[in-house]
Amino acid sequence: MNDVISRLSQLIEAVPQRLAVSETVLSNRPAPDKWSPKEILGHLCDSAVNNLARFINVQIVEQPFSVESYDQNQWALLQHYQQASIQDIVQLWIYLNKSIIRVISTIPEEKYDCMCKLSNGDTVSLQWLISDYLAHMEHHLRQISEDSI
């Protein structure tokens, strides 16, 4: 888990510098049905909100913990990330991921084996869920920045 925490910390440092470009560039949608870089980062904020709750709840509810999905497109739309400033979105993303680091760095080791039932029926461990959160984030950050983040 130290590797995940270390990588999240690195990303918190690197991402704001990579996004130091114009609002116009970050607001550009590659297609009408595709998210702009601002909306992708906003989606990562929504992901952080949902996963932060999961990382806490899996430790306190009966197992297997049911991982509820959420309507990602509606969350991004109703958050109005396209109209928000990139600075506000970046700050939200930073604060949420600092909270995630704080939570996962204090999870007792035996809790990493807590079982989570995904919406597709698969059962995974909390440790897998946390690692998947990071992989999901890195996937979307590569979409935003052509440079390796």
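Contact here means heavy atoms within 4.5 Å. The structure is a predicted model, and the exercises below work through its helices, its sheet and several single residues.

**Exercise 1. Determine which residues of α5 are buried and what they pack against.**

Solution. Start with the helix itself. α5 covers residues 86-104. At 1.5 Å a residue, its 19 residues should span 27 Å, and the end C-alpha atoms are 27 Å apart, which agrees. Next, apply the cut-off: a residue is buried when its relative accessible area is under 20%. The residues of α5 that pass are Ile86, Ile89, Val90, Trp93, Ile94, Leu96, Asn97, Ser99, Ile100, Ile101, Val103 and Ile104. Last, look for their partners. These buried residues pack against α1, α2, α3 and α6.

**Exercise 2. Describe helix α3 and decide how far the rest of the structure encloses it.**

Solution. First, the length. α3 runs over residues 37-57, and its 21 residues reach 30 Å from the first C-alpha to the last, close to the 30 Å expected. Second, the burial. Of the 21 residues, 17 are buried, so α3 is largely enclosed by the rest of the structure. Third, take one residue as an example. Asparagine 50 lies in α3. Its relative accessibility is 15%, so asparagine 50 counts as buried. Leaving aside residues up to four places away in sequence, asparagine 50 touches Tyr70 and Trp75.

**Exercise 3. Classify the packing of α5 against α3 and against α6.**

Solution. Take α3 and α5 as the opening pair. Their axes are 9 Å apart and meet at an angle of about 25°. Angles under 35 degrees count as roughly parallel, and α3 and α5 are therefore roughly parallel to each other. The crossing of this pair is left-handed. On the α3 side the contact is made by residues including Leu41, Cys45, Ala48 and Leu52, and on the α5 side by residues including Ile89, Trp93, Leu96 and Ile100.

Now take α5 and α6. Here the angle is about 155° and the axes are 12 Å apart. Angles over 145 degrees count as roughly antiparallel, and α5 and α6 are therefore roughly antiparallel to each other. α5 passes α6 in a left-handed crossing. Trp93, Asn97, Ile100 and Ile104 of α5 meet Ile130, Tyr133, Met137 and Leu141 of α6.

**Exercise 4. Work out the layout of the sheet and identify its edge strands.**

Solution. Begin with the order. The sheet is open, with three strands in the order β1-β2-β3 and mixed pairing. The edges are β1 (65-66) and β3 (123-125); each has a single partner strand, so one side of each is left without a neighbour in the sheet. Then examine one pair. β1 and β2 (residues 115-117) run parallel and are joined by two bridges. Phenylalanine 65 stands opposite cysteine 116 in β2. Finally, add the helix that covers part of the sheet. α6 (residues 126-144) lies across β2 and β3, at about 85° to β3.

**Exercise 5. Describe the surroundings of methionine 115 in strand β2.**

Solution. Check the exposure. The relative accessible area of methionine 115 is 29%, so this residue is partly exposed. List the contacts. Without residues up to four places away in sequence, methionine 115 touches Val58, Gln63, Pro64, Phe65, Thr123, Val124 and Ser125. Add a distance. The C-alpha atoms of methionine 115 and glutamate 68 are 14 Å apart, with these positions 47 residues apart along the chain.

**Exercise 6. Locate three loop residues and state what marks each of them.**

Solution. Proline 64 lies in the loop between α3 and β1. A cis peptide bond joins glutamine 63 to proline 64, with omega about 0°.

Histidine 80 lies in the loop between α4 (72-79) and α5. Its phi is near 55°, a positive value in a residue other than glycine. With a relative accessible area of 45%, histidine 80 is partly exposed.

Alanine 20 is placed in the loop between α1 (2-18) and α2 (23-27). Its relative accessible area is 63%, so alanine 20 is exposed. Alanine 20 and isoleucine 86 are 66 residues apart along the chain, and their C-alpha atoms are separated by 9.0 Å.

Note on methods
Residues numbered from 1 in each chain as written. Predicted model: local features only at pLDDT ≥ 70, side-chain atom pairs only at ≥ 80, totals over all residues. Heavy atoms only, no water. Helix = DSSP H or I, 4+ residues; strand = E, 2+ residues; numbered from the N terminus. Buried < 20%, exposed > 50% of the residue type's maximum accessible area, 1.4 Å probe, protein only. Expected span 1.5 Å × (residues − 1). Pairing = 2+ DSSP bridges. Axes fitted to C-alpha atoms, helices over the stretch in contact; angles between N-to-C directions. Parallel < 35°, antiparallel > 145°, perpendicular 65-115°, else oblique. Left-handed = near helix turned anticlockwise from the far one by under 90°.
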